[in-house]
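I set aside this page for what I looked up in the structure, beginning with one side chain and its surroundings and then turning to the nonpolar cores.

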Amino acid sequence: MFLRMELSKPSIEEYYTLLRKVQKSLLECKSEISHLRRLRHKSNDPETIAKIDEKLEKLTDIRIYLENIISYARKCRHQGHLDEALEVLKEV
């Protein structure tokens, strides 16, 4: 027997709005990572490569963080914990 949870429209709408914003940030992060990787392959200067590697490392950490946030928020939503999903997405 399944219990259907009554969810208010504003919180569902807010959830999807926040989820889209986080997904957009993730897409921008991935785009920047790709851009920096292309620059790194074209560069011959060791100092420039080191700086690019530092930026890539930071952006990779951010990418992983955003992917985990999205995954966790979806899991919470799927299990009926919309409030927790909203809290997680608002932190970003």
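Leaving aside its neighbours within four places in sequence, which residues is Glu84 in contact with? I note before answering that I am working from a predicted model. I found Glu84 in helix α3, and, once the neighbours within four places in sequence were left aside, its contacts were Tyr72 and Cys76. For the pair Glu84 and Tyr72 I read a separation of 12 residues in sequence and a C-alpha to C-alpha distance of 9.6 Å. I entered Glu84 as partly exposed, because its relative accessible area of 32% falls between the 20% and 50% limits.

I next looked up the largest nonpolar core, which has 16 residues, and noted Tyr15, Val22 and Leu89 as those with the most contacts inside it. Two or more residues come from each of α1 (9–42), α2 (46–78) and α3 (82–91), and α1 gives the most, with 6 residues. I then followed Leu89, which, not counting residues up to four places away in sequence, touches Tyr15, Leu18, Leu19, Val22, Ile69 and Ala73. I also recorded a second, separate core of 6 residues, with Cys29, Leu36, Leu56 and Leu59 among them.

Last, I turned to Ser43, which lies in the loop between α1 and α2. I entered Ser43 as buried, because its relative accessible area is 16%, under the 20% limit. A polar atom of the Ser43 side chain lies 3.4 Å from the backbone nitrogen of Asp45, and, with neighbours within four places in sequence left aside, Ser43 is in contact with Thr48 and Ile49.

Notes
Residues numbered from 1 in each chain as written. Predicted model: local features only at pLDDT ≥ 70, side-chain atom pairs only at ≥ 80, totals over all residues. Heavy atoms only, no water. Core = buried A, V, L, I, M, F, W, Y, C linked by side-chain atoms within 4.5 Å. Buried < 20%, exposed > 50% of the residue type's maximum accessible area, 1.4 Å probe, protein only. Helix = DSSP H or I, 4+ residues; strand = E, 2+ residues; numbered from the N terminus. Contact = heavy atoms within 4.5 Å. Polar contact = N/O pair within 3.5 Å; in protein donor to acceptor, adjacent residues only side chain to side chain.
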